[in-house]
Amino acid sequence: MDLSAITKHSALHAKPSGLLLQYGTAGFRMKAEHLDHIMFRMGLLAVLRSKQTKSTIGVMVTASHNPEEDNGVKLVDPLGEMLAPSWEEHATYLANAEEEDMQRVLIDISEKEAVDLQQDAFVVIGRDTRPSSEKFSQSVIDGVTVLGGQVHDYGLLTTPQLHYMVCCRNTSGQYGMATIEGYYQKLSRAFVELTKQASCSGDEYRSLKIDCANGIGALKLKEMEHYFSQGLSVQLFNDGTKGKLNHLCGADFVKSHQKPPQGMEIKFNERCCSFDGDADRIVYYYCDADGHFHLIDGDKIATLISSFLKELLLEIGENLNVGVVQTAYANGSSTRYLEEVMKVPVYCTKTGVKHLHHKAQEFDIGVYFEANGHGTALFSKAVEDKINQLTRELEDKKGKAAKILRNIIDLFNQAAGDAIADMLVIEAILALKNLTIQQWDALYTDLPNRQLKVKVADRKVISTTDAERQAVTPPGLQEAINDLVKKYRLSRAFVRPSGTEDVIRVYAEADSQESADSLAHEVSLAVFDLAGGIGERPQPGF
Ligand code: NG1
Ligand code: ZN
């Protein structure tokens, strides 16, 4: 390590004094103006992680669905997974080091993790379309270079595309080619193969309106469109040419407001979807004959996918276990449907895809989705081998099902939840099963629900257990929630500190929208009173 060079360059990306940040569920995230030092330091950390794992490490500059003024950064581990937990701690430690301690902290982390400093390091970088992202990726590059690492800057990428690149580079191309064309070709080839097998060919099955949240998804879909146009025609809205990123549009807006995005007119029966700002979330929706808006969220996506996979396995005659992983935000109706009707085992983990991903790896086929539309399906190596063998051996109906499964495996970005990949999988399934969006929606009826935020002085005063469904502290809060829940039918509520915003999140569901709204409001008041609320007391109405 050239310690004096590190000190010199670090001073060019000086940490505002007193600023303390934590590597949260999605890396570091906050107002862009406070993040330059974090970018430089994550460049440094990526080099250490790369040397330690002797693999390529990814750095993604994005704040996903957050407002345009925010930004963030996260590291991507060798197989495209989220950064290992012990390294999240190092990230926080390094991010908060004062300038004069930088050298010591870097040596400290290297020693703790037995990093061989002589080892080569390679880091790949991607960024979203935020105004601050380009400058920030330069700061990351500065960090990588000063520690002697090599860099490949992919420039503008969706978050899942960066995960894909990292995975390809560390598996010697087995997963795919580590180029943007490689990504487009791998997904489109599988998709077009699948749609060729679909019997229906009416136009209504083949066109989709996409709200791109004014983000990177629009740019990448424009590049990719002609690769898959044989199987699907897409119409892009909120493509970033006019509107602001994530403003009144995008998957997060549609899911949390339960209404259509601005800038997109929805006609009866049209199939529509929204991506978030870095294209790792997707939700679907449509308007019925009465003009009512219907949201199809991550839970219903997981249901469609897991039931299709189960059908294929039945056809092939393989007894493989399929599991679905959700969080506490999953609609109660989805969990009930999966368990009771589909007979699929369902597990609940803490919020944040790394928790879901980890759990999903325990199954032959693990389907995981957050209700907000972030998710994918994972296939174990044994399943992949088995399917490959069957596609070679079988020619009959079973062989056809095996081939479909082979293409589905190729289509899912197994390194991370990916809006583009998920969209193509969903479109393929709807076409193969000859399902309309209304029929898909009718699998079960969501329980009315409401999500709210409460501002408190210190969100750490709320701690939780049981996959965040029970509050342990402050004393009395869980008892208060239990009493409120009892007042309503089919009701459930929980609270947890957000990992990406300085708020407490409140979730409630019940038999009617009024009940869900009123329960959510009452729980907000309990949080405000018992957990140190600040500012105005929560008001009823939304
Ligand atoms: P927080 O802010 O911890 O609730 C949100 C989402 C997560 C996950 C992360 C990362 C909800 C309720 N929470 O986390 O599911 O997507 O952002 O982006 O949707
Ligand atoms: Zn995102």
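The legends below describe close-up views of a predicted model. Local features are given at pLDDT of at least 70 and side-chain atom pairs at pLDDT 80 or more, while totals for chains, interfaces and linings use all residues. Residues are numbered from 1 along each chain as its sequence is written, chains are lettered from A and ligands numbered from 1 in the order in which they are written, and side-chain values use heavy atoms, without hydrogens and water.

**View 1. Surroundings of ligand 1.** Ligand 1 is surrounded by 15 residues (each with a heavy atom within 4 Å of it), and the closest are R496, S498, G499, T500 and R505. By residue class, this shell holds two nonpolar, eight polar and five charged members, where Ala, Val, Leu, Ile, Met, Phe, Trp, Tyr, Cys and Pro count as nonpolar, Asp, Glu, Lys and Arg as charged, and the others, Gly among them, as polar.

**View 2. Polar contacts of ligand 1.** In these contacts (pairs of N or O atoms within 3.5 Å), a polar backbone atom of G499 lies 2.6 Å from an oxygen atom of ligand 1. The side chain of R496 places a polar atom 2.8 Å from an oxygen atom of the ligand, and an N or O atom in the side chain of N372 is likewise 2.8 Å from an oxygen atom of ligand 1. Taken alone, ligand 1 exposes 430 Å², of which the protein buries 92% (Shrake-Rupley method, 1.4 Å probe).

**View 3. Zinc site, ligand 2.** The zinc ion has as protein donors S64 (OG), D276 (OD), D278 (OD) and D280 (OD), at 2.0 to 2.1 Å; donors are N, O and S atoms within 2.8 Å of the metal (3.2 Å for Na, K and Ca), and sites may look incomplete because water is not among the atoms. Along the chain, the donors of the zinc ion follow the spacing S-x211-D-x1-D-x1-D. Angles among the four donor atoms run from 87 to 167 degrees, and the site is irregular, as four donors count as tetrahedral if all angles lie between 85 and 135 degrees, and as square planar if opposite donors are over 155 degrees apart and all others between 65 and 115.

Conventions:
Polar contact = N/O pair within 3.5 Å; in protein donor to acceptor, adjacent residues only side chain to side chain. Tetrahedral: all angles 85-135°; square planar, octahedral: opposite > 155°, others 65-115°.
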